[in-house]
Amino acid sequence: RRTQVGIVGAGPAGLALANALTRQGVDCVVLERASRVRVEGRQRAGLVEDRTVRWLRSQGLADRLLVEATRHDWCDFRCLGHTVRVDYGAYSGGRQHYVYPQQSLVRDLVATLEKAGSPPFFSHTVRAVTNITGRRARLECEEGMEIECDYVVGCDGFRGISRAALPATGHRVHNRRYPYDWLTVLAEVDRPAEGVRYAVHRAGFAGMMPRGPRLSRFYLQCPPGEPVTAWPARRIVAELRTRLADGDPAGVPAIGALPEVRMLRMHSSVLTPLRHGRLLLAGDAAHVLTPSGAKGMNLAIADAAAAADALVARLRDGDEGPLAGYSAARLADVRRVLGFSEWLLALLHLPADPAADPAKELAERLATVRRLATPGARARAFAHRYVGSGVR
Ligand code: APR
């Protein structure tokens with residue numbers, strides 16, 4: 001079997017890429033290890049940025065999202081008993097976040113591929129990507145299928161296999177470990193979270209993200225390396241209430257069952273460069289960020305958009321330029337976004353340094369978030385970076 005572009009992985013990156021290529025008449029094949037039911041059922045991200053929606057729209061992929069997504073254009077910071085509302089919509093020229101579960105977007109993207117007659121091959125595990133500097137790259141599946149490709153895009157996530165095809169030298173992985181972990185919790189709630197709430201508290205950071213009328217996602221800062229078993233449900237709920245309400249019990253919904261509790265080791269990892277020969281990397285296969293700022297899925301789709309443009313230019317028009325610039329352009333964006341995500345982490349967590357004075361640290365943070373809520377250059381810069389307007 002032969003194709004122009006072989007895509008490993010049917011997450012947001014692989015599916016967005018396949019849709020954009022198919023739409024422009026470039027032949028591609030998506031191979032996905034998991035079953036369709038599993039891929040379409042995974043609950044992960046849910047905040048879609050302004051620039052992501054604009055791109056999805058331009059590809060005819062946002063119809064259901066535009067009907068069903070809830071719009072968000074403010075977030076609350078709770079600090080020292082004060083709630084500071086940041087109207088980032090107003091400061092970014094009316095831009096908004098769209099709350100739309102990743103699994104809905106994934107379902108939409110699979111459906112359009114199916115309609116175009118080129119659905120992903122689910123339950124197909126790629127065992128190796130070979131010959132990436134030869135005349136044709138090759139994808140080898142455990143199930144026996146082999147595909148020759150002009151280009152391969154590894155969209156197979158953080159633990160994917162496509163990076164194993166890179167030569168041993170000439171590549172670097174930039175890892176960073178943060179001095180805390182996050183307990184991530186999906187919880188049933190008695191009323192929807194009206195918006196995102198970030199609590200900067202003496203006991204640690206806590207966050208609340210809307211996910212729907214009866215479900216919210218919560219984050220709780222924990223000491224690094226703490227086992228998830230240290231957090232029985234009762235402790236989680238009590239600690240969420242303490243940190244998120246911080247004297248304002250009405251600001252937090254009643255929390256019921258916790259269908260998902262996981263401990264997230266807080267780290268980031270960026271691979272450079274993102275291309276070698278006929279292999280490009282996109283999404284989590286190339287870079288992993290913490291959930292701070294909800295950037296992962298948006299970066300994955302931005303990579304897919306750039307990879308699609310580059311491959312269309314090369315394969316349809318014979319123009320090598322965008323492909324040659326793919327890695328540098330994407331890494332510049334990834335670094336900018338990572339910088340913002342880390343700035344937000346630093347705002348939300350008190351320093352671990354025992355010499356630091358928590359009262360002073362909290363007062364400084366309150367002053368910072370108040371500046372984000374006051375018209376001016378700071379508020380505008382935050383708003384654009386937070387909403388992902390694409391404006392630098
Ligand atoms: N063969 C085929 N498929 C594979 C293989 C393999 N050897 N290894 C992994 N995969 C598949 C996984 O099963 C998964 O469906 O690759 C897909 C990778 O998808 P994601 O992990 O969702 O990665 P990506 O598309 O880059 O999107 C990542 O989305 O969930 C958000 O914020 C999150 O940053 C994250 C972003």
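**Ligand shell, sheet and helices of the predicted model**

The residues of the shell around the ligand divide into 14 nonpolar, nine polar and five charged. The structure described here is a predicted model, and in this model the ligand is surrounded by 28 residues, of which the closest are Gly9, Gly11, Gly157, Gly283 and Gly296. Two elements, helix α1 (12-23) and helix α8 (296-317), give two or more residues to this shell.

An open sheet of eight strands, with mixed pairing, runs in the order β6-β5-β12-β13-β14-β11-β15-β18. Its edge strands are β6 (82-86) and β18 (287-288), each of which pairs on one side only. Strands of a sheet pair through backbone hydrogen bonds, either parallel or antiparallel. Both senses occur around strand β12 (residues 196-200), which is joined to β5 (residues 75-79) in the parallel sense over five bridges and to β13 (residues 206-210) in the antiparallel sense over three bridges. On the β5 side, Phe77 has Tyr198 as its bridge partner in β12, while the partner of Arg78 in β12 is Ala199; on the β13 side, Tyr198 is bridged to Gly207. Tyr198 thus appears in a bridge with Phe77 of β5 and in a bridge with Gly207 of β13. The connection from β12 to β13 is a hairpin with five residues between the two strands, and Gly204 in the turn has a positive phi of about 130 degrees.

Strand β12 is mostly covered, five of its five residues being buried. In a regular strand the side chains alternate between the two faces of the sheet. In β12, Val196, Tyr198 and Val200 point one way, whereas Arg197 and Ala199 point the other way, and all are buried.

Two helices were examined with respect to their span and burial. For helix α9 (residues 321-348), the 28 residues should span 40 Å at 1.5 Å a residue, and the calculated separation of the end C-alpha atoms, 41 Å, therefore agrees with expectation. The helix nevertheless contains a kink of about 40 degrees, centred on Ser327. Ser327 itself is among the buried residues of α9, which also include Leu323, Tyr326, Arg330, Val334, Val337 and Leu338, as well as Phe340, Ser341, Leu345 and Leu348. An α-helix has 3.6 residues a turn, so residues three or four places apart point the same way. For helix α6 (residues 102-115), the 14 residues should span 20 Å at 1.5 Å a residue, and the end C-alpha atoms are 20 Å apart, so the two values agree. The buried residues of α6 are Leu105, Val106, Asp108, Leu109, Val110 and Thr112, and these pack against α1, α2 (36-41) and α4 (63-68). Helix α1 is thus an element that both contributes to the shell around the ligand and receives the packing of buried residues from α6. Just after α6, Gly117 takes a positive phi of about 85 degrees.

Several backbone features lie in the loops. Most residues other than glycine have a negative phi, and most peptide bonds are trans. Leu80, which is not a glycine, has a positive phi of about 50 degrees and is found in the loop between β5 and β6. Leu80 counts as partly exposed because 14 C-beta neighbours lie inside 10 Å, a number between the limit of 12 or fewer for exposed residues and that of 20 or more for buried ones. Ser123, likewise not a glycine, has a positive phi of about 55 degrees and is placed in the loop between α6 and β8 (126-130); with 16 other C-beta atoms within 10 Å, Ser123 is therefore partly exposed. A cis peptide bond, with omega of about -20 degrees, joins Thr272 and Pro273, and Pro273 is found in the loop between β15 (260-272) and β16 (275-276).

Thr70, finally, is found in strand β4 (residues 70-72) and is partly exposed, since 17 other C-beta atoms lie within 10 Å. When neighbours within four places in sequence are left aside, Thr70 is in contact with Val99 and Pro210. Thr70 and Pro351 are 281 residues apart in sequence, and their C-alpha atoms are 35 Å apart in space.

Conventions. Residues numbered from 1 in each chain as written. Predicted model: local features only at pLDDT ≥ 70, side-chain atom pairs only at ≥ 80, totals over all residues. Near = placed C-beta within 6 Å. Helix = DSSP H or I, 4+ residues; strand = E, 2+ residues; numbered from the N terminus. Nonpolar A, V, L, I, M, F, W, Y, C, P; charged D, E, K, R; others polar. Pairing = 2+ DSSP bridges. Expected span 1.5 Å × (residues − 1). Bend = angle between axes of the 7 residues up to and from the residue. Contact = placed C-beta atoms within 7 Å.
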